[in-house]
Amino acid sequence: MRRPLLAVTLVLVGLGLGATLLRDQVPFSGAQTGQTTQTQPSTTPPGEAGARLQNELNTIDIVRRYEPGLVYISTEQEVVSQNPLGYLYGQGGQTQVQQGVGSGFFVNEQGDILTNYHVVAGEGGQGSATRISIRVMNREQSVPARIIGLAPQYDLALIRPQGLDQSLIKPIPLGDSDSLRVGQKAVAMGAPFGLDFSVTEGIVSSTARQIPIGFSASGEGITQKAIQTDAAINPGNSGGPLLDSGGRVIGINTQILSPAGAATGVGQSAGVGFAIPINSARSLLPRLQQANGGVVGPPRLGITAGLIVQGPDRAIPVGLSALSSEGKQQLGLPATGLVVGSVQPGSPAADAGLRGGTVQAFQGGRVAVGGDVIVSADGEPVDALEDLQAVLIDKKQGDSVNLRVARGGQTRTVKVTLDASSFQ
């Protein structure tokens, strides 16, 4: 019951603020026959009207110069639906076509388009959609696009149009998300609810909000740093650019926090939207361009997870918190942590001396015992593969990570240095 009350409160506050602004803009004059004209001193701070006009001109200029670099993305996914009674009549599954829309933007003269992985993903977030098309501003005709590289765990994808006139490719310059400050202007471009080539404006509300982003092996998003903004972002804005006052891309719109969506299943902007920092995408861009349509993942240490449970349709790696206390005591395992199943020879993990365990099966899964358990990475608790990936996701070749590792009732710190193999 609290959410509707909260929504009403927000509306009332908005109306009150609007009425106050209108009163500030109405000039007061007592000029009548036989009266001396009196002007009430303005309550508007000096220069505010000019600043407001300057901001408007800045927004108009950003839209004029860089909106042509925005791309409208539409997808089609063929899905086979099963008729529960079909077997009685000798009928198989029927193929249906699911459609989706999203946004993206040109990043270079070759026509490469950055967008979210979930905009072009296939059914269930696996692979890519059957057909991907893009359309640029002031053109009714769409052209097909192909996948250049996918990064599900970053929720990023790179696509390239086929047969698009070169003159229509308008790259938007990339900014520096590391230099952002709270309160800076933010302009979001995209296709909210399919309303293509729309623009909203707000500010940067936070520069380092930690939220789950992307798609991992277990289906859980990997916690990453994100930009929070109050610029209106809605379904369809995904993959579109978030720009600063200079028209540079500072982020890629990806998610919203929607209390209404939690209740109804249909998310709508509540003034809390999130964007992937452009510096994260920029560092990944060369790998995406060289992926040849394949998948790019976060840096790897060269280990596999050693605790696996069987889900409804596939095996899922999990952390030790998924086991009962009695089971962990019997196996001599700590309360939480990521069990190391195996270590790839010649990998950073092998060079650091990490060791896998011996696999034991149990009802519904298997666990490796006698080897290492990673309980923290760079001081952050680790209880799942996603926790480790969250620490590694922004690392570069030559960077190191300090692991706190348990084995045989003893704990130690292990320094693992990432090499070229970590990024292949």
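**Barrel, core and loops of a predicted model**

Six strands close into a barrel, in the order β7-β8-β9-β12-β11-β10, with antiparallel pairing. On average, neighbouring strands of this sheet are turned by 50° against each other, direction ignored. The model is a predicted one. Strands of a sheet pair through backbone hydrogen bonds, either parallel or antiparallel. Within the barrel, β7 (residues 185-190) and β8 (residues 198-213) pair in the antiparallel sense over 6 bridges. Gly190 has Ser198 of β8 as its bridge partner.

Helix α5 packs on part of this barrel. The helix lies across β11 (249-256) and β12 (273-277). Its direction runs at about 35° to that of β12.

The largest nonpolar core holds 35 residues. Phe105, Leu114, Leu156 and Ile252 touch the most other members. By element, the largest share comes from helix α5 (residues 278-289), which supplies 5 residues. Leu156 illustrates the contacts made by one core residue. Leaving aside neighbours within four places in sequence, Leu156 is in contact with Thr115, Asn116, Tyr117, Leu150 and Ala151, among others. Its contacts also include Ile252, Ile276, Ala281 and Leu284. Ile252 is thus both a contact of Leu156 and one of the core residues that touch the most other members.

The same helix contributes to a pocket. The second largest pocket has a volume of about 350 Å³. It is lined by 17 residues, of which Ser283, Ile393, Asp394, Lys395 and Lys396 are the closest to its centre. Helix α5 gives the most to this lining, with 5 residues.

A second sheet is open. Its 4 strands follow the order β15-β14-β18-β17, and the pairing is antiparallel. The edges are β15 (315-317) and β17 (358-362). Each edge strand has a single partner strand, so one side of each is left without a neighbour in the sheet. Neighbouring strands here are turned by 25° against each other on average, direction ignored. Strand β14 (residues 307-310) is joined to β18 by 3 bridges, and the two run antiparallel. Val309 has Gly365 of β18 as its bridge partner.

Gly370 follows in the loop between β18 (365-369) and β19 (373-377). This glycine is exposed, with a relative accessible area of 55%. The value lies above the cut-off of 50% for exposed residues. Gly370 and Gly357 are 13 residues apart along the chain, yet their C-alpha atoms are separated by 4.8 Å. Beyond neighbours within four places in sequence, Gly370 is in contact with Arg355, Gly357 and Arg407.

Two loop residues stand out by their backbone angles. Most residues other than glycine have a negative phi. Asp155 has a positive phi of about 55°, although it is not a glycine. Asn292 also has a positive phi, near 55°, and is likewise a residue other than glycine. Asp155 is in the loop between β5 (143-151) and β6 (156-161). Asn292 is found in the loop between α5 and β13 (303-305). Their surroundings contrast. Asp155 is buried, with a relative accessible area of 3%, whereas Asn292 is exposed, at 74%.

Notes
Residues are numbered from 1 along each chain as its sequence is written. This is a predicted model: local features need pLDDT of at least 70, side-chain atom pairs count only at pLDDT 80 or more; totals for chains, interfaces and linings use all residues. Side-chain values use heavy atoms; hydrogens and water are left out. A nonpolar core is a set of buried Ala, Val, Leu, Ile, Met, Phe, Trp, Tyr and Cys residues joined through side-chain atoms within 4.5 Å. Buried means under 20% relative accessible area, exposed over 50%, partly exposed in between (1.4 Å probe, protein chains only). Contact means heavy atoms within 4.5 Å. Two strands pair if DSSP finds at least two bridges between them. Axes are lines fitted to C-alpha atoms, for helices over the stretch in contact, and angles run from 0 to 180 degrees between N-to-C directions. On a 1 Å grid over the protein atoms alone, a cavity is a set of points where a 1.4 Å probe fits but cannot get out, and a pocket is an open set with protein on both sides within 12 Å along at least five of seven lines; lining residues have an atom within 4 Å of a point. Grid points are joined across faces, edges and corners, and a volume is the space filled by probe spheres set on the points.
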